[in-house]
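The following paragraphs lead the reader through a structure step by step. Please keep the sequence and the three-dimensional view at hand while reading.

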Amino acid sequence: MQRSAFWSSQSAFRTLGRLSLVGLVAVGGTAGSAHAGNQSAANGAQRAGTIEIASFGALTGPDAVYGVSSLNGQRLAVDEINASGGIDGRKLALVQYDDLCEPTQAAIVASKIISNKSFTAAIGPVCSADALAALPIFARTGVPLIMAGDSAPQITTMVKEHAYTFATRLSPQDSQNGPELATLAISVLHKTKIAILYSEDDYGQGVLAAAKPVISKLGGSVAAQESYTPSTTKDFTPQLTKIAGSGADVLLLLGYYSDTGIAVSQLARAGVSPNVTLIGSDSTAQQPFVTLAGAAANGVYLVPFYSPNNPSAVNRQFVTAYEKAYGSAPTGNAVMGYQAVYTLANAMRAGGSSGDLAERIRAIDFEGPAGTVDFDANGDLKGNPATVLRVSNGKLVADQKLTIALEKALKSD
Amino acid sequence: MITFVQQVINGAAAGSVYALLAVGYNMVYGLLGFINFAHGDLYMFSTFIVLAMVTLHVPFWGAVAVGMVAACFLGMSVERIAYRPLRTANRIAPTVSAVGVALVLENAAQVIWGPATRPFPTPLPQGLFRVDGVVITAMQIVILLTAAAIAVALRVGVYHTSWGRKLRAIRDDLPTAELVGISVNRLVSSVYAVGAALGLISGVLFAAYYNSVYVTMGLTGTLNAFTAAVLGGIGSIGGSFAGGLALGLLQSLGAGYISSGYQNTITFVVLIVVLLLRPNGMFGKLTAARA
């Protein structure tokens with residue numbers, strides 16, 4: 001990414017700001033959702049019989065939406081397990097750490113976690129760059145780490161190269177979402193002139209890199225390929241005007257909802273024809289996308305790895321409990337947080353208290369709200385079927401027909 | 001051709017929003033020679049106040065009025081608390097306290113309103129017109145007219161009123177202005193209020209145009225205002241408008257014709273070239289450094 005000095009100094013300012021806030025919080029003791037980790041962990045060692053789990057992710061800052069959702073999912077799972085008697089009579093307790101979605105902070109948090117012997121396992125983070133920074137530190141002690149929201153393919157490479165058997169990842173990968181979007185556009189919706197708007201970071205580039213070979217394989221062509229700086233770009237009209245002039249009949253949105261939502265609200269202004277079909281990636285498939293995009297969101301196709309509309313019994317029960325606890329529908333991060341706690345709990349139940357916990361986590365196989373939780377040799381979640389959603393009257397509605405058509409098209413390739 | 005005209009129109013609208021923000025920033029610099037790094041955060045904070053009012057079902061124009069009063073009050077308080085005690089100190093001191101104010105405002109906003117980007121409900125017209133394939137939105141016309149009206153009003157205010165005369169007197173020589181009986185503190189305070197109020201107008205237009213209000217828009221705003229001000233001529237009111245428009249057009253045409261990935265790079269390369277050729281910006285006057 002071609003960041004100029006100004007934008008780097010911007011992030012430096014921001015870091016300063018957040019650090020000062022963290023400082024205030026620590027001094028004042030008014031930690032809100034993130035209670036001071038060290039202190040409670042020290043108390044935890046004395047609470048005999050409690051199973052302590054370190055949980056880390058972005059709890060403040062611009063990416064807090066993802067971290068807080070994940071934490072909500074984890075809390076719900078912990079409450080459910082504790083209400084039904086815990087694991088062999090022992091209660092679970094989460095200790096939260098805030099990594100602000102910044103790799104430097106993630107490294108500090110990881111060091112804190114591994115230096116505390118009372119943790120049975122760790123869950124987190126929600127940003128891929130943080131996971132890449134934290135993994136080598138966790139490798140020092142090998143405390144089991146369940147990554148709950150990191151989709152970058154580089155994580156697999158790192159885990160494979162260094163044989164990080166302590167690590168598992170519950171999130172589907174960007175390399176899976178890219179081909180799904182391309183297949184939906186070309187094989188299912190029969191749109192071959194493709195325009196792409198992607199975020200200039202690991203996420204957007206990862207999805208793009210995975211989508212492009214599939215586009216050419218299926219006989220499509222890339223009419224325009226435009227990028228933007230995530231969470232900084234608000235004026236998308238230059239990119240969209242270029243896309244409007246490219247003659248594309250479908251536009252793939254590869255980015256976070258807070259950016260793509262604003263981009264979609266500017267489509268008409270840039271002269272993009274309403275006949276251009278829009279397809280959003282996993283991170284766009286959030287309800288607030290619709291709030292930001294407004295009326296222009298109607299008819300947009302979204303391909304998340306998880307949909308609250310999934311009809312399975314375990315998902316219906318999860319969605320009801322989540323809505324009751326937090327007053328909103330669960331997001332992908334919430335379901336990953338929830339499944340992460342159950343993955344750990346099921347692995348602990350499976351083998352009592354002896355043996356290698358990390359090994360038992362990798363051997364796990366159960367039905368979660370987002371589908372089967374089952375890991376491959378690299379600790380990655382085995383393929384999850386994608387769901388196709390469509391925005392209709394401001395709501396994300398599952399489209400069963402297209403979901404089945406996409407599954408079929410993906411299999412035949 | 002259609003694409004080019006479209007990019008120019010969109011760039012001009014974005015540039016007008018930058019210009020309104022740059023003006024408040026530049027007035028302070030022109031007067032005191034001090035870089036107000038909290039300007040963008042003031043604009044963010046007062047825009048959030050308008051959003052909060054709208055969310056509480058206060059009529060839109062009432063909410064803007066409340067936001068305007070809040071912006072003036074905030075601007076004057078910040079000047080009184082963080083800058084006035086440092087007016088005679090080394091120039092670096094008020095710059096640092098401005099960064100401090102910016103951090104306090106940013107974090108306070110995050111605690112009160114949360115980190116998520118929020119949409120901005122507005123009764124401003126959202127329709128669009130098509131002229132020979134070029135799309136012009138009603139909102140863009142509102143933005144361009146507002147910016148033009150404010151440019152004219154400022155020109156009149158600074159060059160044809162007694163307030164403007166006093167202002168120019170302070171700019172030329174602060175101690176002498178004080179000696180001839182100008183209430184410097186009151187005048188400086190009023191400039192901060194006017195700057196903050198223009199910032200709020202820019203904030204509301206920004207929020208309505210991009211349908212988003214978010215905490216870090218303050219810092220981005222400060223950087224854009226700074227860039228526009230330096231490009232146009234730091235300290236010059238006309239320069240802020242020229243700089244703002246130039247910045248908007250650069251971003252729009254740079255992304256449209258070269259590469260969107262290099263949008264910021266193009267902008268800053270042009271900024272450097274302008275500064276090499278005209279160190280005081282496009283409209284800045286060459287001045288000897290004040291000791």
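Where is the place of Pro125(A) in chain A? Pro125(A) is found in the loop that runs between β3 and α5 (128–138) of chain A. The model is a predicted one, and in it the peptide bond leading from Gly124(A) to Pro125(A) is cis, with omega near -20°. A second backbone feature concerns Asp88(A), which has a positive phi of about 50° although this residue is not a glycine. Asp88(A) belongs to the loop between α3 and β2 of chain A. Both features may be set against a general background: most residues other than glycine have a negative phi, and most peptide bonds are trans.

The strands named so far lead to a sheet of chain A. In this open sheet, 5 strands follow one another in the order β2-β1-β3-β4-β5, and their pairing is parallel. At its edges stand β2 (92–98) and β5 (167–169) of chain A, each of which pairs on one side only. From one strand to the next, the twist averages 20°. The edge strand β5(A) is joined by 3 bridges to β4 (residues 145–147) of chain A, and the two run parallel. Within this pair, Ile146(A) of chain A stands opposite Thr168(A) in β5(A). A helix also belongs to this part of the picture: α4 (residues 103–114) of chain A lies across β1 (51–57), β2 and β3 (119–123) of chain A. Relative to β2(A), helix α4 runs at about 145°.

Chain A contains another open sheet, in which 7 strands are arranged in the order β7-β6-β8-β9-β10-β13-β14 with mixed pairing. Strands β7 and β14 (395–398) of chain A stand at the edges and have a single partner strand each, so one side of each is left without a neighbour in the sheet. Elsewhere in the order, β6 (residues 193–199) and β8 (residues 250–254) of chain A run parallel and are joined by 5 bridges. One example of pairing is Leu197(A), whose bridge partner in β8(A) is Leu253(A).

The description now turns to the interface between the chains. The contact takes 40 residues from chain A and 45 residues from chain B. Between chain A and chain B an area of about 3,600 Å² is buried, and carbon and sulfur atoms give 61% of that area. Across this interface the rule finds 0 salt bridges, whereas 6 residue pairs are found in polar contact. On the side of chain A that touches chain B, at least two residues are supplied by each of α1 (5–28), α3 (64–83), β7 (221–228), α9 (237–244), α10 (257–265) and α11 (287–293) of chain A. Of these, α1(A) gives the most, with 8 residues. By class, that side of chain A has 13 nonpolar, 20 polar and 7 charged residues.

Conventions:
Residues numbered from 1 in each chain as written. Chains lettered and ligands numbered in written order. Predicted model: local features only at pLDDT ≥ 70, side-chain atom pairs only at ≥ 80, totals over all residues. Heavy atoms only, no water. Pairing = 2+ DSSP bridges. Helix = DSSP H or I, 4+ residues; strand = E, 2+ residues; numbered from the N terminus. Axes fitted to C-alpha atoms, helices over the stretch in contact; angles between N-to-C directions. Contact = heavy atoms within 4.5 Å. Buried area = accessible area lost by both parts, 1.4 Å probe. Salt bridge = Lys/Arg side-chain N within 4 Å of Asp/Glu carboxyl O. Polar contact = N/O pair within 3.5 Å; in protein donor to acceptor, adjacent residues only side chain to side chain. Nonpolar A, V, L, I, M, F, W, Y, C, P; charged D, E, K, R; others polar.
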